[in-house]
Amino acid sequence: MNTKVKLFGHELKNPIIPASGTFGFGYEFAKLYDLNILGSMSLKGTTLEPRYGNPLPRIAECPAGLINAIGLQNPGVDKVLSEEIPKLDKVYSDKVIANVGGHSVSEYVETVAKFNECEKVFAVELNISCPNVKGGGMAFGTDPKIAENLVKEVKKHSLKPIIVKLSPNVTDIAEIAKAVCGGGADGVSLINTLVGMRFDLRTGRPIISVGSGGYSGVGVYPVALRMVYQVYKAVSVPIIGMGGVSSAYDVIEMMYAGATAVMVGSQNLIEPLASKHIAEQLPRVMEELKINRLEDIIGRAHNE
Amino acid sequence: MKEQNLKVVSNKALNDSTYELVLKGGDINMSSGQFVEIKLDNFYLRRPFSVAKIQKSFLTIVYKIVGQGTKEMTKICENDNLSVLTELGNTFDLDKAKKPLLIGGGIGSAPLFQLAIEFNERGIRPTILLGFRNEAEVFYLEKFKKLGDVIVATDDGSFGEMGNTVSILKTKKIDFDCYYACGPMMMLKALAEYNSNGQLSLEARMACGFGACMGCSIMTKNGAKRVCKEGPVFSADEVVF
């Protein structure tokens with residue numbers, strides 16, 4: 001079974017990548033299993049300055065997922081480079097994807113540029129779709145012109161391939177995908193979380209401190225598949241598919257829809273070994289479906 | 001952290017709203033203050049619970065019905081198997097006290113039972129101050145009495161002293177050097193303001209329970225800390241309420 005896939009010339013041993021925000025900086029999971037089974041990983045969303053994030057509660061449960069409003073809590077890019085990535089490097093030998101959030105074009109540009117010299121990072125994922133940051137995040141990902149301009153500016157200063165993480169909270173995700181590719185994006189990843197709410201049955205107030213948050217989990221999987229399918233038709237850059245993936249079967253379907261690699265998110269939070277199990281399950285599922293080379297199935301759903 | 005399949009030994013009501021769940025498993029290497037996360041059928045997230053008693057391969061969890069998940073838990077039957085993440089979070093620091101005072105608010109009294117056991121193992125008999133809303137909510141009273149000198153307070157005075165743990169602490173002369181508290185955030189805040197020489201076991205809504213999601217981070221004087229990872233036990237003088 002050949003599970004290898006290529007992203008921007010970088011070879012991944014398999015397409016399984018824990019999604020940003022569900023895996024910290026990776027090394028804490030190394031106490032549970034050997035991380036080297038994973039194709040890559042996307043690091044916790046990083047900003048120029050350290051951020052505490054939103055007040056608690058930040059989490060609300062749903063029947064088939066959860067709502068989170070973390071608010072990009074992270075130690076800031078300098079600490080990520082000097083402390084977090086070296087810790088990860090000791091337990092994971094492959095290269096990873098940095099994930100960058102921001103409030104302004106200059107903050108994105110500056111933060112992304114800081115990863116230029118970091119060998120551990122083979123690509124930077126630009127989070128323009130975080131629903132939990134006021135005045136930033138998603139505001140960059142819902143207007144095609146603003147998104148295109150941001151990517152253009154970031155590309156001027158980045159030596160790494162740029163993956164733009166897209167928001168599903170738009171009327172036409174393909175339009176945004178085209179816009180960021182127009183700005184020079186090397187790839188896109190989707191979907192980020194869907195904006196959702198829950199209310200406390202006793203008080204009638206929102207459970208999440210800031211009202212709404214991002215909904216993810218198995219419940220969003222069909223929505224994610226449809227959007228990956230749409231975006232594959234619209235652009236020619238590699239797509240990283242995510243949203244509710246919880247098994248190797250989901251990975252295969254996501255690749256049929258058009259994904260070159262697949263991120264596993266919320267499932268890591270309820271089943272700490274989820275990404276490992278999916279990576280282990282993948283060759284068995286390929287055998288069952290008579291798939292010899294995983295790269296052959298990318299976009300199969302679009303075949304006439 | 002460990003993911004384990006534990007067998008249900010018993011799941012019985014202690015009073016109208018409080019249940020005791022006893023689980024049996026393989027190797028349980030935990031101390032007071034640490035918590036577990038239980039996966040329930042038909043619920044997406046695991047549920048975090050403090051541990052009332054740890055004994056070789058047995059774990060006792062005392063839980064209160066507060067929502068849909070805990071209501072569903074009352075239906076768990078003997079011999080059911082549950083997926084449980086064990087050995088989560090940090091522990092109480094017993095070295096801080098020669099004359100410990102254990103302060104429990106409602107269901108927050110549960111983890112103090114294991115703490116009282118551990119103090120007894122050190123030959124120390126703690127003072128135990130337990131606060132409940134009313135008599136109907138009191139649990140484990142006789143068991144606590146075997147391990148320490150117990151004072152019970154109820155908000156409505158239906159059992160023990162009338163008042164809450166903080167008002168009792170302020171009015172009664174209790175001889176202690178360090179306190180260990182678990183209960184509602186309001187209680188912990190009032191305690192920390194009154195006396196900073198204590199350890200607080202905090203509660204938070206969590207997604208993962210093992211440090212990955214940042215869903216339960218609180219602010220402390222030493223920066224952001226995760227209730228599930230650096231906590232749940234924090235020094236009373238470090239938490240920023």
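Let's start with a single pair of residues: in strand E11 of chain A, the bridge partner of A:Ile67 is A:Tyr215. Strands here (E, at least two residues) and helices (H or I, at least four residues) are DSSP runs, numbered from the N terminus.

Before going on, note that this is a predicted model, where local features need pLDDT of at least 70, side-chain atom pairs count only at pLDDT 80 or more, and totals for chains, interfaces and linings use all residues. Residues are numbered from 1 along each chain as its sequence is written, chains are lettered from A and ligands numbered from 1 in the order in which they are written, and side-chain values use heavy atoms, with hydrogens and water left out.

## A sheet in chain A

The pair above belongs to a bigger pattern. Strand E5 (residues 65-68) and strand E11 (residues 213-216) of chain A run antiparallel and are joined by 3 bridges. Two strands count as paired if DSSP finds at least two bridges between them. As background, strands of a sheet pair through backbone hydrogen bonds, either parallel or antiparallel.

Zoom out, and you get an open sheet of 4 strands in chain A, in the order E4-E5-E11-E10, with antiparallel pairing. Why do strands E4 (59-62) and E10 (194-196) of chain A have one side without a neighbour in the sheet? They stand at the edges and each has a single partner strand, so one side of each is left free of a sheet neighbour. From one strand to the next, the twist averages 35 degrees.

## A sheet in chain B, with helices across it

Chain B has an open sheet of 7 strands with mixed pairing, in the order E11-E10-E9-E8-E12-E13-E16. Its edge strands, E11 (161-162) and E16 (233-235) of chain B, each pair on one side only. Strand E13 (residues 198-201) of chain B pairs with E16(B) in the antiparallel sense over 3 bridges, and B:Ser201 has B:Val233 as its bridge partner in E16(B).

Two helices lie across strands of this chain. Helix H2 (residues 110-121) of chain B crosses E8 (100-105), E9 (127-132) and E12 (178-182), running at about 165 degrees to E8(B). Helix H5 (residues 185-194) of chain B lies across E8, E12 and E13 of chain B, at about 165 degrees to E12(B). For these angles, axes are lines fitted to C-alpha atoms (for helices, over the stretch in contact), and the angles run from 0 to 180 degrees between N-to-C directions.

## Two domains in chain B

Chain B is divided into domain 1 (2-88) and domain 2 (94-201), with bounds from an automatic or database domain assignment. Their C-alpha centres lie 23 Å apart. The contact (heavy atoms within 4.5 Å) takes 16 residues from domain 1 of chain B and 16 residues from domain 2 of chain B.

The two domains of chain B bury about 1200 Å² between them, 56% of it on carbon and sulfur atoms. Buried area is the accessible area (1.4 Å probe) that two parts lose on being put together, summed over both. On the domain 1 side, B:Ser32, B:Ala52 and B:Lys64 lose the most area to domain 2 of chain B, together 36% of what that side buries.

## Where the chains meet

The contact between the chains takes 28 residues from chain B and 34 residues from chain A. About 2500 Å² is buried between them, and carbon and sulfur atoms give 61% of that. In chain B, the residues that lose the most area to chain A are B:Tyr44, B:Arg205 and B:Met214, together 31% of what that side buries.

Now look at A:Glu28, in the loop between strands E3 (16-18) and E4 of chain A. Not counting residues up to four places away in sequence, A:Glu28 touches B:Phe210, B:Gly211, B:Arg226 and B:Lys229. Its side chain makes a polar contact (a pair of N or O atoms within 3.5 Å; within protein, one must be able to donate a hydrogen and the other to accept it, and residues adjacent in sequence count only if both atoms are side-chain atoms) with the side chain of B:Arg226, at 3.1 Å.

## Salt bridges

How many salt bridges does the structure hold over all chains? There are 28, each a side-chain nitrogen of Lys or Arg within 4 Å of a carboxyl oxygen of Asp or Glu. Here are some of them:

| Salt bridge | Closest N to O |
|---|---|
| B:Lys64 and B:Glu137 | 3.0 Å |
| A:Glu61 and B:Arg47 | 2.6 Å |
| A:Glu153 and A:Lys156 | 2.9 Å |

A:Glu153 and A:Lys156 both lie in helix H3 (residues 144-157) of chain A, 3 residues apart, about one turn of the helix.
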